[in-house]
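Please walk through the following model with its strands, its nonpolar cores and one loop residue in mind. The sequence and the structure are shown together, so that each step can be followed on both.

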Amino acid sequence: MKVLKKTLLLAAIGSSLFATAASAEQVNLTWQMWTGSETDTKSWQHLAEMVTAKYPDIKVTLTTTGWVDYWTRLPVLAASGQLADIVSMQSLRMPNFYSLLEPLNDRIEADKFDVAAFTPSIIGGMSVDKQLYGLPYDVGPWVIYYNQDALEAAGVPLPKPGWTLAEFTDAAKKLTKDGKYGFGITPTNYSVLAAAWGDKYVNDAGELDLTSASAVAAADRVIGFAAKDKIAPLVPSGGADPGDVVQGRFNSGNVAMYIDGPWSIIGMKDQAKFKIGLTTLPRDEGELSAVTAGSGFGISTSSKNKDAAWKAIQVLTSPEALTYLAEGGRALPARTAAQSAWYKVAAKDITNGGEAIDYSLAHSVPYVITNNWAAVENLFNQYFPPAFAGSADAKQTMESIQSLAQQ
């Protein structure tokens, strides 16, 4: 009898040890993310390590690529079954790629996860048909970055939030001299500026309408910065990302102003050797309409570790993680309670940084896009550069893009 009891006890202990070992079995998650600099990559790696710090049985392996390559590779990875467990997603591209991601509403309800802690506009941006597909980490408006040293040297007054297109153009002309330019323009700036001026490029039915009088007028202005006013240098139509090219020109002092968001401060502080300022996009005769966007993290539908991935993306978008990103200048947090860290730390040395963001957010509007927006932006990158060089006018450019986008 004693032998039997001892045998049963040992069996129970062994079973308990096996259960403990099983419960502590390592889960290896993969996470794909874009990056713009080595500093940027280090920030994401820190967040991956925060997941393991909270859940020692979960390890997150980060893979990064450049912005353009990320979106080029994403459908290829999906088609070949090689998506990471955690997929990073920009709100503007959610309509194109939401089918790759696991719906989160049921998990949110089951865990009573507080989505009200996030800025409402970005929750909407990460949703399709009221279903949330990603937890957001940042939100922000597009603004103008300027080289304060260059403006002061040229005798140009520092721009105030709410400045006009005429004031912007005049400043850019005064800054264009000695082989340097007042402004750096990219093809995808078209929709951001058109929205700021109140020009429509999507009709009331939600369809792309680049050949309307309003859309062509906005294109004529954008193209004119390079082709007519000569205040902006040309950009490549293939290969290098025009956004990276223009940002590099700004950081090197070759262009005095360019368009970007609060997410770019992190790389700029290390590279720019001059005083940086922010202001709003230039408005036309009416009020500014500042579009906002953001990004977040979703769970791949092909992931075999969805429960662990759900835990991980909650850590990646936690107050601690977003405060860390804010203080480093990588993001204006999607969590409203964490946004003060961006103002206090990241924007501290940026002239009018807080004022520009506040004004833009106070005049923010939804970024109107179509379901094939990624393809539309690719066409912008293909057809605007020749127009910048004077090879095509605004009407021809928009007709070409409209025709190809509908195929």
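In which sense do E1 and strand E2 (residues 58–65) pair, and over how many bridges? In this predicted model, the two strands run parallel to each other and are joined over 8 bridges; within this pairing, Asn28 of E1 has Lys59 as its bridge partner in E2. The connection between the two strands involves helix H2 (residues 38–54), and E1, H2 and E2 together make a right-handed β-α-β unit. E1 is also joined to strand E3 (residues 86–90), again in the parallel sense, through 2 bridges, and here Gln32 is the residue that stands opposite Val87 in E3. Of the 8 residues of strand E1 (residues 27–34), 6 are buried, and the strand is therefore largely enclosed by the rest of the structure.

A further sheet is open and consists of 3 strands in the order E8-E7-E9, with antiparallel pairing. Because strand E8 (257–260) and strand E9 (276–279) stand at the edges and have a single partner strand each, one side of each is left without a neighbour in the sheet. On average, and with direction ignored, neighbouring strands of this sheet are turned by 30° against each other. Strand E7 (residues 143–147) is joined to E8 by 4 antiparallel bridges, and Ile144 is found opposite Ile259 of E8.

Turning to the interior, nonpolar side chains in soluble globular proteins tend to be buried together. The largest nonpolar core of this model comprises 79 residues, and Trp142, Tyr190, Phe225, Met257 and Phe384 are those with the most contacts inside it. H10 supplies the largest share of this core, namely 8 residues. Apart from this core lies another one, of 54 residues, which includes Val51, Trp71, Leu132 and Ala308. When neighbours within four places in sequence are left aside, the contacts of Tyr190 include Tyr201, Leu210, Ala215, Ala218 and Phe384.

The last stop is Asp199, a residue of the loop between helix H9 (189–196) and helix H10 (213–227). Is this loop residue, Asp199, buried or exposed? Asp199 counts as buried, because its relative accessibility is 16%, which falls under the 20% cut-off. Its side chain makes a polar contact of 3.1 Å with the side chain of Ser214. Not counting residues up to four places away in sequence, Asp199 touches Ala194, Ala218 and Arg221 as well as Ser214.

How values were computed
Residues are numbered from 1 along each chain as its sequence is written. This is a predicted model: local features need pLDDT of at least 70, side-chain atom pairs count only at pLDDT 80 or more; totals for chains, interfaces and linings use all residues. Side-chain values use heavy atoms; hydrogens and water are left out. Buried means under 20% relative accessible area, exposed over 50%, partly exposed in between (1.4 Å probe, protein chains only). A polar contact is a pair of N or O atoms within 3.5 Å; within protein, one must be able to donate a hydrogen and the other to accept it, and residues adjacent in sequence count only if both atoms are side-chain atoms. Contact means heavy atoms within 4.5 Å. Two strands pair if DSSP finds at least two bridges between them. A crossover is right-handed if, with the strands pointing away from the viewer, the path from the first strand over the helix to the second runs clockwise. A nonpolar core is a set of buried Ala, Val, Leu, Ile, Met, Phe, Trp, Tyr and Cys residues joined through side-chain atoms within 4.5 Å. Axes are lines fitted to C-alpha atoms, for helices over the stretch in contact, and angles run from 0 to 180 degrees between N-to-C directions.
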